[in-house]
Amino acid sequence: QLQLVESGGGLVQRGASLRLSCTASGSVFSVHTWAWYRQAPGKQRETIANTTSGHTNYADSVKGRFTISRDNAKNTVYLEMNSLKPEDTAVYYCKADGPWTNYWGQGTQVTVSS
């Protein structure tokens, strides 16, 4: 079993930065892929970044502005978000892929005002 807790969301202005954290507890060793998703009101949940075996991938909408990283000692995955835009407003979720199942955090709200 794995538990994920996100934090770091909030209300910011256009152009600001935020860093989201996803802290894991439980069977962290079994996770092979970490990812961040987001879901805006009325829209489907979308993948925005993931990392596996040292490789990272980003959605085109966030490439060059967002960075996913891991601190294995803290069992924490981060999403550094720069140059935020109003269209980045969404609930952001952390996801961990294990060998047999996936785990989700509860989400953290990010709101970017214009």
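Lys95 sits in strand β9 of this predicted model. The residue is a good place to start a tour. Its relative accessible area comes to just 8%, and since the cut-off for calling a residue buried is under 20%, Lys95 counts as buried. The side chain of Lys95 has a polar partner too: a contact of 2.7 Å links it to the side chain of Asp97.

What else does Lys95 touch, once neighbours within four places in sequence are set aside? The list begins with Leu4, then takes in Thr33, Trp34, Ala35 and Tyr37, and ends with Asn102, Tyr103 and Trp104. So this buried lysine, at 8% relative accessible area, combines a polar contact to Asp97 with contacts to residues such as Trp34 and Trp104.

Next comes the cysteine story. Strand β9, made up of residues 90-97, also carries Cys94. This cysteine is bonded to Cys22, with 2.1 Å between the two sulfur atoms, and the structure holds 1 disulfide in total. In general terms, such a link is a covalent bond between the sulfur atoms of two cysteines. Here the angle about the S-S bond is -75°, and the link of Cys22 and Cys94 is left-handed.

Why does the pair tie together parts that are apart in sequence? Cys22 belongs to strand β3 (residues 18-26) while Cys94 belongs to strand β9, so the bond joins parts that lie 72 residues apart along the chain. Are the two ends buried or exposed? Cys22 is buried, because its relative accessibility is 0%, and Cys94 is buried as well, with a relative accessibility of 0%.

Note on methods. Residues are numbered from 1 along each chain as its sequence is written. This is a predicted model: local features need pLDDT of at least 70, side-chain atom pairs count only at pLDDT 80 or more; totals for chains, interfaces and linings use all residues. Side-chain values use heavy atoms; hydrogens and water are left out. A disulfide is a pair of cysteine sulfur atoms within 2.5 Å. Helices (H or I, at least four residues) and strands (E, at least two) are DSSP runs, numbered from the N terminus. Buried means under 20% relative accessible area, exposed over 50%, partly exposed in between (1.4 Å probe, protein chains only). A polar contact is a pair of N or O atoms within 3.5 Å; within protein, one must be able to donate a hydrogen and the other to accept it, and residues adjacent in sequence count only if both atoms are side-chain atoms. Contact means heavy atoms within 4.5 Å.
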